[in-house]
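Me: I would like to learn how to read a structure step by step. Could you take me through one?

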Protein chains: 2
Amino acid sequence: MGNDKGFTLWFTGLSGAGKTTISELVQKELADRRNRLEILDGDIIRENLSKGLGFSKEDRDTNVRRIAFVADLLSRNGVPVITAAISPYREIRDEARENMGDRFIEVFVKASVEVCAERDVKGLYEKAFKGEIKEFTGVSDPYEAPSSPEIVLKTEEHEPEESARIVLRRLEEMGLLYAEMKA
Amino acid sequence: MGNDKGFTLWFTGLSGAGKTTISELVQKELADRRNRLEILDGDIIRENLSKGLGFSKEDRDTNVRRIAFVADLLSRNGVPVITAAISPYREIRDEARENMGDRFIEVFVKASVEVCAERDVKGLYEKAFKGEIKEFTGVSDPYEAPSSPEIVLKTEEHEPEESARIVLRRLEEMGLLYAEMKA
């Protein structure tokens, strides 16, 4: 890292928008610069911290609050973190922002439902449209886009590699990561 | 810290044995040496990561596994952690040990049920003996003492301050903390 400041890149966006893919590219790039970054991926957290929770608003809020709790613990100790869960509700993301202050960097991973459904990486949209999955964000459950995110990644226009570069450049600008040449 | 090695001091012991008190003394001492340590206290974790879980063996195991997951995340990033939950079952503690390898330091905070019940800091033993609290560790629920903990704190014999000193001395011996004079 440029210094010991921890931060949380809070990715938010629909299923299939590119959260996990871009996270992993950012992580790989940081590893090449001898830095470390933890990804708190939605699926990993559901498995390890939120088993038993469903997808009602209440359960989603609990899940997202747990992610925020762990991201706060890590980032306040100087560890860079990406959270990569849909985190559909603005109120809960704003709560995380309030707790983490300027360590919180909201990254809107932006793609329309139509494009995400076309990609349908996990085959979930098909099931959601058939009604086989209930409470599916963007289809049968709400997604509240960020009102003023620090970073927007337009994944319909950019390849994941370009999105990862946008994130890294922004971290450099924010003084959270040295430019590659100085590393 | 003496270096950037993270570790987890895994405190285990009955309610009232002294886990939280000693944790906080260790934390304070480290803060005086300009080091940081996170305490994952049983109550804090129940509030933030395990709301809704009860005290059956299954729920306790889930709770302790969550603590271990977070302790692993922190300690593998160089953050010193104390977990201070009863964590009554040997199998789950051993699972944590396996995941964290030599970052895992088991600390048996040792006091008999009788002494803990006499102290009864939170008034819980009285209720447990009356049957008002079910599944109370040491009274109506099992506690499996560690078979070969790295540190044993005999809190019937030592004041909390002395126990904290034992922990700090052990960390120095293990090369995880510089002796005070060198700090």
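Here is a short conversation about folds, helix packing and the contact between chains.

Me: Happy to start. Which elements does chain A have, and in what order do they run?

Reply: Keep in mind that this is a predicted model. Chain A has seven helices and five strands. Read from the N terminus, its elements run β-α-β-α-α-β-α-β-α-α-β-α.

Me: How does the radius of gyration of chain A sit with that of a compact globule?

Reply: For 183 residues, a compact globule would be expected to have a radius of gyration near 16 Å, and chain A agrees because its value is 16 Å. The C-alpha trace of chain A spans about 50 × 30 × 30 Å along its principal axes.

Me: Let's turn to the sheet in chain B. What is the order of its strands, and which ones are at the edge?

Reply: The order is E2-E3-E1-E4-E5 in chain B, an open sheet of five strands with parallel pairing. Strand E2 (38-41) and strand E5 (151-154) of chain B are the edge strands, each pairing on one side only. On average, and ignoring direction, neighbouring strands of this sheet are turned by 20° against each other.

Me: Can we zoom in on one pair? How many bridges join E1 to E3 in chain B?

Reply: Strand E1 (residues 7-12) and strand E3 (residues 80-84) of chain B run parallel and are joined by five bridges. Within this pair, Phe7(B) stands opposite Pro80(B) in E3(B).

Me: And which helix lies across E1 and E4 of chain B?

Reply: That is helix H4 (residues 90-100) of chain B, which lies across E1 and strand E4 (104-110) and runs at about 150° to E4(B).

Me: Now for helices. What describes two packed helices?

Reply: Two numbers do the job: the angle between the axes and the distance between the axes. In chain A, helix H3 (residues 57-75) packs with helix H4 (residues 90-100) at an angle of about 20°, the axes being 10 Å apart. Angles under 35 degrees count as roughly parallel, and H3(A) and H4(A) are therefore roughly parallel to each other. H3(A) passes H4(A) in a right-handed crossing. On the H3(A) side the contact includes Asp61(A), Val64(A) and Arg65(A), and on the H4(A) side Ile92(A) and Ala96(A) are among the residues involved. By class, this contact of H3(A) with H4(A) has five nonpolar, two polar and three charged residues.

Me: What about H3 and H4 in chain B: at what angle do their axes cross?

Reply: The axes of H3(B) and H4(B) cross at roughly 20° and come within 10 Å. H3(B) and H4(B) are therefore roughly parallel to each other, and H3(B) passes H4(B) in a right-handed crossing.

Me: Let me finish with the two chains together. How many residues of chain B are in contact with chain A?

Reply: Twelve residues of chain B are in contact with twelve residues of chain A. Helix H3 (residues 57-75) of chain B gives the most to the side of chain B that touches chain A, with six residues. That side of chain B has six nonpolar, three polar and three charged residues.

Me: How do H3(A) and H3(B) pack, and which residues meet?

Reply: H3(A) packs with H3(B) at an angle of about 30°, their axes 10 Å apart, which makes H3(A) roughly parallel to H3(B). H3(A) passes H3(B) in a right-handed crossing. Val70(A), Leu73(A) and Leu74(A) in H3(A) meet Val70(B), Leu73(B) and Leu74(B) in H3(B). By class, this contact of H3(A) with H3(B) has six nonpolar, no polar and no charged residues.

Notes:
Residues are numbered from 1 along each chain as its sequence is written. Chains are lettered from A and ligands numbered from 1 in the order in which they are written. This is a predicted model: local features need pLDDT of at least 70, side-chain atom pairs count only at pLDDT 80 or more; totals for chains, interfaces and linings use all residues. Two residues are in contact if their C-beta atoms, placed from the backbone, lie within 7 Å. Helices (H or I, at least four residues) and strands (E, at least two) are DSSP runs, numbered from the N terminus. Ala, Val, Leu, Ile, Met, Phe, Trp, Tyr, Cys and Pro count as nonpolar, Asp, Glu, Lys and Arg as charged, and the others, Gly among them, as polar. Two strands pair if DSSP finds at least two bridges between them. Axes are lines fitted to C-alpha atoms, for helices over the stretch in contact, and angles run from 0 to 180 degrees between N-to-C directions. Angles under 35 degrees count as roughly parallel, over 145 as roughly antiparallel, 65 to 115 as roughly perpendicular and the rest as oblique. A crossing is left-handed if the near helix is turned anticlockwise from the far one by less than a right angle, and right-handed if clockwise. The radius of gyration is taken over C-alpha atoms; the globule rule is 2.2 Å times the number of residues to the power 0.38.
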